[in-house]
Amino acid sequence: MSLLKPLLASFLLIAGSACAFAASEADYKAAYAAAEAANKEAGKLRNQWTTTASTLAAAKKAADAGDFDKAIEASKEAEALAKASIYQATSEKQLWKDLEIR
Amino acid sequence: MRPAIHIVSAAFALAMLALTPPATAAEKIDPVADAKAFQKFFTDKFPKLKPEDFVTGPYSMNEDLHRQWVEKEQFPPYEFSLEMGKEMFSTPFKNGKSYADCFPNKGIGIRQNYPYFDDKEGKVITLELALNRCRETNGEPPLSYVKDEMAALTAYMAYTSRGKPFDIKIPNDPRALEAYQQGKEYFYTRRGQFNFSCATCHVQSPGERIRAEVLAPGLGILNAMPIYRSEWSGMGTTSRRFTTCNSQIRGVPLNPQDDEYRNLEYYLSYVSNGLPISGPGARP
């Protein structure tokens with residue numbers, strides 16, 4: 001009986017860490033997909049930023065190395081950059097006129 | 001009862017129409033007024049310069065730079081490209097035809113008329129595009145739009161037009177006016193993570209420095225194309241200029257000769273009408 005407790009504890013620890021690992025990868029995939037979708041939207045508006053592409057590449061590189069925390073962080077940053085480029089393209093449809101020489 | 005409702009509805013619709021503001025002057029596409037205002041902006045900003053001085057770009061911005069330009073023109077760095085272009089231009093394709101067969105006046109002294117609006121295609125045709133189309137029509141592979149051979153060809157063609165004023169036409173065709181307007185919009189639209197438009201540098205800040213570079217005025221900026229740039233250690237075309245501008249402000253460049261760039265070239269060339277072709281040029 002005294003052997004069973006540590007064994008059970010070890011099993012629970014291993015199982016727990018495996019679950020956390022799986023959740024982290026899934027979170028990364030979701031974050032990356034959201035960033036990629038936003039960047040595609042920016043592409044439709046003909047206004048992608050080079051920094052979005054490089055941050056997406058950094059996210060993928062981190063994920064390939066198994067560092068999902070870093071990969072998620074980079075994905076979220078890429079999504080924010082892509083959304084900023086969409087905002088820029090949309091607002092500039094009117095704002096460009098402010099710069100026009102008349 | 002029904003006719004009464006119709007009358008009331010019609011009156012309401014008419015009233016709404018009357019209340020709708022008419023299109024403002026700013027929304028009307030008026031290239032002539034645009035070009036006049038564009039040129040006035042720069043000649044007012046730099047009253048010591050004559051309009052033709054602007055075609056030397058940053059070298060027109062102060063006397064020291066102007067002296068550099070005079071010295072540079074004695075042994076111009078684009079000379080090797082010019083010679084290469086002349087040779088390429090006169091060398092027949094495999095089918096025996098040559099570039100001269102694709103252009104009016106056999107391609108000599110016509111740079112000032114490009115880009116033009118092609119009414120059959122409904123699009124803007126640039127010189128670079130016309131050169132590659134000429135090659136493909138004659139069974140030759142297209143050249144890279146951004147350097148070396150394309151720059152050499154356009155350098156030679158520009159050289160044969162030196163001193164001729166830009167003479168870009170905008171036909172009375174709504175598609176041509178739309179292409180012009182799209183080009184104008186592109187010029188003034190901020191893009192890239194740095195949130196810069198073409199105008200940020202070339203309207204708001206000509207003569208100012210970005211790091212070590214003195215920014216060129218937008219007026220006459222395409223008259224000197226293609227250019228040898230010390231920064232590139234080589235020649236570059238208008239396509240190269242547009243794509244690198246986009247990447248410098250952290251925007252993903254479009255493909256050379258995409259509609260946006262063709263329209264931009266159309267707009268920028270038109271507003272420099274009357275200024276002489278000075279290409280090929282040299283820039284820091």
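**Reading helix packing, burial and a chain contact**

Tutor: We begin with a pair of helices in chain B of this predicted model. Helix α5 (residues 127-137) of chain B and helix α6 (residues 148-159) of chain B have axes that come within 11 Å and cross at roughly 115°.

Student: How is the direction of α5(B) relative to α6(B) to be described?

Tutor: Two packed helices are described by the angle between their axes and by the distance between the axes. Angles of 65 to 115 degrees count as roughly perpendicular. The crossing angle therefore makes α5(B) roughly perpendicular to α6(B). As for handedness, α5(B) passes α6(B) in a right-handed crossing.

Student: Which residues in α5(B) and α6(B) meet?

Tutor: From α5(B) come B:L127, B:E128 and B:L131, and they meet B:M150, B:L153, B:T154 and B:M157 in α6(B). By character, the residues of this contact of α5(B) with α6(B) divide into five nonpolar, one polar and one charged.

Student: Turning to chain A, what does its secondary structure come to?

Tutor: Chain A has three helices and zero strands. Read from the N terminus on, its elements run α-α-α.

Student: What percentage of the residues in chain A is buried?

Tutor: Of the 102 residues in chain A, 27% are buried. Contacts can also be sorted by separation in sequence. Among those in chain A between residues at least 6 apart in sequence, 68% join residues at least 24 apart.

Student: Is A:E73 exposed, partly exposed or buried?

Tutor: The general idea is to count neighbours: a residue is buried if 20 or more other C-beta atoms lie within 10 Å of its own, and exposed if 12 or fewer do. A:E73 has 17 other C-beta atoms within 10 Å, and is therefore partly exposed. A:E73 lies in helix α3 (residues 68-95) of chain A.

Student: What separates the C-alpha atoms of A:E73 and A:A59?

Tutor: These two residues are 14 residues apart along the chain, and their C-alpha atoms are separated by 7.7 Å.

Student: How many residues does the contact take from chain B and from chain A?

Tutor: The contact takes 21 residues from chain B and 15 residues from chain A. On the side of chain B that touches chain A, the elements giving two or more residues are α2 (31-45) and α7 (174-188) of chain B. The largest share of that side, three residues, comes from α2(B). In character, the residues of the side of chain B that touches chain A divide into nine nonpolar, seven polar and five charged.

Note on methods:
Residues numbered from 1 in each chain as written. Chains lettered and ligands numbered in written order. Predicted model: local features only at pLDDT ≥ 70, side-chain atom pairs only at ≥ 80, totals over all residues. Axes fitted to C-alpha atoms, helices over the stretch in contact; angles between N-to-C directions. Helix = DSSP H or I, 4+ residues; strand = E, 2+ residues; numbered from the N terminus. Parallel < 35°, antiparallel > 145°, perpendicular 65-115°, else oblique. Left-handed = near helix turned anticlockwise from the far one by under 90°. Contact = placed C-beta atoms within 7 Å. Nonpolar A, V, L, I, M, F, W, Y, C, P; charged D, E, K, R; others polar.
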